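User: I've got this complex open and I'd like to get my bearings. Please walk me through it piece by piece.

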Amino acid sequence: MKKQNNGFKLGMIALFLGLTLYYLFPTLQWNLEQRHMESLTETERVQYETENIAKIQRLRERSLSLGLDLQGGMYVTLEVGTPQLVLELSGDFADDYLEDVIRVARENYLENRTDFIDEFVAEFERRDSDAMLSRYYRSDAQNITRTSTNAEISAFLKNQRTNAVERAMEIIRSRIDRFGVTEPSILQQGNSRIVVELPGVDDEERVRDLLRGTARLEFRLTPESDEINSAKQAIADFFSELETDEESEEVQNLLEIFDLRGTNQYSFGYAAGRDTAAVNRILRTEDVQRLIPRNMTLLWGATSFAQDNGIPLYEMIAVRSQIELTGDVISEARVAFDPTTNRPEVSMTMDSDGARRWSRITGANIGRPVAIVLDGYVYSYPTVRSQINNGRSSISGIGGVQEAEDLVNILLSGALPAPLEIIEERTVGASLGEASIRAGLYSIIFGLSVVAIFMIVYYRTGGGIADLALLLNIIFILGILAGFQATLTLPGIAGIVLTIGMAVDANVLIFDRIREEMRGGKTLRAAIDNGYANAMSAIIDANVTTFFVAVILYSFGVGPIKGFAVTLMAGIVASLFSAIVITRVIIDYLTREKTSVVSFG
Amino acid sequence: MRWFESPNFDFIKAHNIAYFFSGTLIVASIVAILTMGLNYGIDFKGGQEFVFEFQEPVDVVEIRSELTEPLGSVPEIKLFGSDREILLRIDTEEDITATRELLLANFAILYPGNEVSVQKTDLVGPRFAEDLRRGAMYSIIFALAVVFIYIFIRFKGWYFSAGAIAALAHDVLIVLGVFTIMAEIAPFDVSIDQALIAAFLTIVGYSLNDTVVVFDRIRENSIIYKTMNFTDMINKSLNDTLSRTVVTSVTTLFVVTVLFIFGGEVLKGFAFALVLGVILGTYSSLFVASALVVELQKRAIKAKTK
């Protein structure tokens with residue numbers, strides 16, 4: 001019987017055990033380190049951390065990380081607004097026709113769940129099969145000429161989307177780093193989605209604004225006061241003659257909710273905060289749009305300027321439609337305080353190109369206001385007193401220091417190439433996470449004990465050997481997870497518990513087979529040989545199919561479910577190895593003498 | 001200890017009872033799903049979900065009626081583990097921070113002095129929910145297809161594949177039916193979400209294990225006992241593997257029950273599906289899958305001889 005090559009098997013076991021311990025060692029060290037750090041006082045801890053920063057970082061990176069559902073934190077899925085990107089890429093060529101194509105394509109894309117850009121090109125060609133998209137996307141810089149085919153444009157748009165997602169990820173990373181989160185994870189999902197995982201974050205609102213903040217900073221001039229007054233007059237006349245539809249529940253007359261008396265000559269009027277959406281709706285109607293000159297845009301102020309019986313009032317400011325300067329030119333930004341009011345503001349410095357243009361703009365508009373617009377809201381519109389040559393400007397009218405800090409962060413990380421929408425957001429509190437860890441740990445311990453006791457009662461020595469394999473199996477699973485830098489989630493722990501129950505299956509199959517062979521009159525050693533050999537095909541078939549199922553779960557699942565699929569896969573591999581190889585080596589060792597006896601119950 | 005050392009049950013003969021039993025359960029499940037509708041959770045329906053922890057016990061019915069007006073719709077509210085914790089689900093377009101603040105403000109009025117903390121929040125956009133639903137559907141269909149093909153290749157007979165798939169569909173459908181019926185009465189969250197899909201696929205994998213082991217024995221026996229008729233051979237194979245089937249089911253049932261009891265509130269629904277799945281999976285591989293294989297094989301032969 002010694003011709004069996006157990007040396008090879010032993011070598012494999014040693015190798016796997018070695019690898020597992022190698023990968024799990026940092027996790028152990030990290031746990032001890034954390035325990036040590038917790039025992040220190042606050043000042044000692046800070047000192048210890050600064051002294052051992054490299055070591056701590058290395059351990060943290062290499063140790064088995066826990067999912068957000070276990071350590072608490074925030075999980076966000078963002079989608080890059082491809083329709084807006086496609087519209088913006090057309091730049092000045094955009095017209096109502098293109099906007100309509102994009103609108104219909106967006107509906108089709110939501111309906112059919114296909115690629116938006118494919119839907120867009122298809123819709124464009126459906127309307128007029130000869131029409132050329134190059135009309136909208138002509139660009140020397142991008143090497144797109146009048147003769148570029150629609151397929152080329154489609155490829156160009158897809159390429160731009162890829163760039164936009166990559167750039168958005170970089171920007172998010174930079175914002176998160178500045179915000180200060182340990183071990184954030186930012187990953188692309190599909191062709192236009194980004195998944196952000198932030199362990200330990202509990203200020204959701206702030207993070208949400210930080211992720212979504214486009215920070216489109218614009219400097220705009222304001223129209224002449226008589227232009228503003230005549231537009232106001234036209235609107236006042238229009239609405240005083242308007243006959244309202246009594247049936248409608250929506251406000252139709254602007255004058256009911258909007259006061260055209262401005263606080264100064266550039267203010268178009270004001271409304272209560274809750275009415276601003278209705279004002280926007282009425283102003284967007286075609287009849288009203290006709291009354292406003294093309295080179296005038298109406299924007300809301302960022303903060304309320306007054307209160308009426310506790311209701312905040314917001315001012316609407318008239319600015320030029322043309323953008324003089326954008327936030328791209330900002331090279332430096334920091335939080336400062338207004339010397340007179342001591343309110344926080346963001347002080348900005350422009351690069352040389354921006355400073356030159358800023359100098360020209362301010363020089364030509366002395367005595368007139370320049371509106372500082374951020375994400376479509378007017379923050380302030382200070383009057384230019386003298387030409388500014390050093391490229392300095394500032395944003396005032398900010399709510400608080402924290403908001404100013406976040407604004408600096410967003411400005412410095414750059415503007416997002418396209419708006420981001422939060423389509424999924426999950427947060428787990430730290431205490432629920434702790435409860436989950438405890439629950440998972442108890443489940444593993446109880447599950448393991450119950451199965452182990454059952455196996456010994458049912459299969460005697462064989463059961464004991466299977467239990468040993470089971471224990472090693474769990475260590476292997478953890479090793480595999482650490483080795484592949486997978487994350488342990490609550491469903492992942494459930495996967496381990498489930499594996500405990502199913503892993504013994506291979507041994508059950510083998511031991512039952514051995515009993516059967518012995519009933520057939522075979523000697524113990526022959527029965528063992530045949531038992532292992534005959535059970536093999538059933539074991540392989542059963543595990544291969546389960547493995548397939550786990551792979552499918554991994555490819556379709558998201559978040560913690562992926563963690564379940566990973567532990568299930570790791571569990572199958574580890575249990576095959578421990579149930580077939582490890583138990584065999586032990587049983588062979590126990591039956592090395594012809595007279596030795598191993599009970600299989 | 002030995003269970004079923006040399007059993008000699010006639011599983012195939014029992015198939016009429018099994019068909020009746022399974023048929024009733026399946027019809028009841030389908031009726032329940034059609035009339036009550038699948039109880040989708042936040043993953044597949046979209047909306048916002050919160051878990052709140054109070055200092056003192058609260059009354060779910062009271063919260064539901066008091067919150068309906070300020071929220072503008074009836075929220076789904078369930079106790080979450082203890083009578084101090086609640087799970088609240090609502091379908092709203094509002095910003096999640098606004099909803100949370102609104103809820104906390106109303107709790108403060110309803111239960112002054114009873115401090116409350118937010119344990120968990122989930123927001124799933126309607127389009128994302130649809131994507132998840134699609135993903136879940138594809139994964140189940142895909143899993144069944146892969147299983148069909150693998151068994152077809154390994155056991156060389158479409159009736160093996162069909163028997164296995166029918167047994168799997170049987171298990172999943174009944175679990176789905178139980179979850180639908182229990183939607184209102186279960187003391188824990190039994191809504192259909194991603195974790196439940198994971199449970200379904202695990203049930204598929206588990207139930208398949210059992211079925212494959214029996215099929216493997218059929219394959220082996222069909223070589224040894226060439227003259228035995230098909231029905232007897234399947235019966236013998238089921239009996240040969242019965243002890244293993246029972247032992248594995250017992251150990252798996254142990255751990256999923258442990259998971260159900262100790263696994264925490266988050267995993268309750270998931271673990272419950274697994275408990276049902278293990279029981280149903282064992283039953284279906286003993287009584288449904290093999291009986292169907294016999295039936296289908298007989299029909300295939302009849303069709304050939306015609």
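User: Which domains is chain B divided into?
Analyst: Ground rules first: residues are numbered from 1 along each chain as its sequence is written, while chains are lettered from A and ligands numbered from 1 in the order in which they are written. This is a predicted model: local features need pLDDT of at least 70, side-chain atom pairs count only at pLDDT 80 or more, and totals for chains, interfaces and linings use all residues. Domain bounds come from an automatic or database domain assignment. That assignment cuts chain B into domain 1 (15-41 + 128-305) and domain 2 (47-124).

User: What classes of residue make up the side of domain 1 of chain B that touches domain 2 of chain B?
Analyst: The C-alpha centres of these two domains of chain B are 38 Å apart. Counting a contact when C-beta atoms, placed from the backbone, lie within 7 Å, 4 residues of domain 1 of chain B meet 5 residues of domain 2 of chain B. Nonpolar covers Ala, Val, Leu, Ile, Met, Phe, Trp, Tyr, Cys and Pro, charged covers Asp, Glu, Lys and Arg, and the others, Gly among them, are polar. The domain 1 side has 2 nonpolar, no polar and 2 charged residues.

User: Which elements of chain B give two or more residues to the side that touches chain A?
Analyst: Chain B puts 57 residues into the contact and chain A 55 residues. Elements here are DSSP runs numbered from the N terminus: helices are H or I with at least four residues, strands are E with at least two. For chain B they are helix H4 (96-110), strand S4 (116-124), helix H5 (126-155), helix H7 (194-224) and helix H9 (242-262).

User: And how many of the chain B residues on that side are nonpolar?
Analyst: Polar residues account for 17 and charged ones for 8 on the side of chain B that touches chain A. The nonpolar count is 32.

User: What is the order of the strands in the sheet of 8?
Analyst: Strands count as paired when DSSP finds at least two bridges between them. The sheet is open and its pairing antiparallel. It runs S3(A)-S4(A)-S2(A)-S16(A)-S4(B)-S1(B)-S3(B)-S2(B).

User: Why is one side of S3 of chain A and of S2 of chain B left without a neighbour in the sheet?
Analyst: Strand S3 (185-189) of chain A and strand S2 (76-80) of chain B stand at the edges. One side of each is left without a neighbour in the sheet because each has a single partner strand.

User: Where the two chains meet in this sheet, which residue of S4(B) is the bridge partner of A:Val428?
Analyst: Strand S16 (residues 420-428) of chain A and S4(B) run antiparallel and are joined by 5 bridges. The partner of A:Val428 is B:Lys120.

User: Which residue of S4(A) stands opposite A:Tyr75?
Analyst: Strand S2 (residues 73-80) of chain A pairs with strand S4 (residues 193-199) of chain A over 7 bridges, in the antiparallel sense. Opposite A:Tyr75 is A:Glu197.

User: What angle does helix H17 of chain A make with S4(B)?
Analyst: Axes are lines fitted to C-alpha atoms, for helices over the stretch in contact, and angles run from 0 to 180 degrees between N-to-C directions. Helix H17 (residues 430-459) of chain A lies across S16 of chain A together with strand S1 (47-54) and S4 of chain B. The angle to S4(B) is about 85°.

User: Which residues touch the most other members of the largest nonpolar core?
Analyst: A nonpolar core is a set of buried Ala, Val, Leu, Ile, Met, Phe, Trp, Tyr and Cys residues joined through C-beta atoms within 7 Å. Buried means 20 or more other C-beta atoms within 10 Å of a residue's own, exposed means 12 or fewer, and partly exposed is in between, with C-beta atoms placed from the backbone. Among the 143 residues of this core, the answer is A:Val497, B:Leu201, B:Val204 and B:Leu259.

User: Which residues of chain A does B:Leu201 touch?
Analyst: Leaving out residues up to four places away in sequence, B:Leu201 touches B:Ser139, B:Ile140 and B:Ala143 in chain B. From chain A, B:Leu201 touches A:Val549, A:Ile552 and A:Leu553.

User: Which helices do the buried residues of H8(B) pack against?
Analyst: In helix H8 (residues 230-240) of chain B, the buried residues are B:Ile234, B:Asn235, B:Ser237, B:Leu238 and B:Asp240. They pack against H7, H9 and helix H10 (268-305) of chain B.

User: How far apart are the C-alpha centres of domain 2 and domain 3 of chain A?
Analyst: Chain A is divided into domain 1 (6-35 + 432-590), domain 2 (78-214 + 421-428) and domain 3 (215-411). For domain 2 and domain 3 of chain A, the distance between centres is 27 Å.

Note on methods
Contact = placed C-beta atoms within 7 Å.
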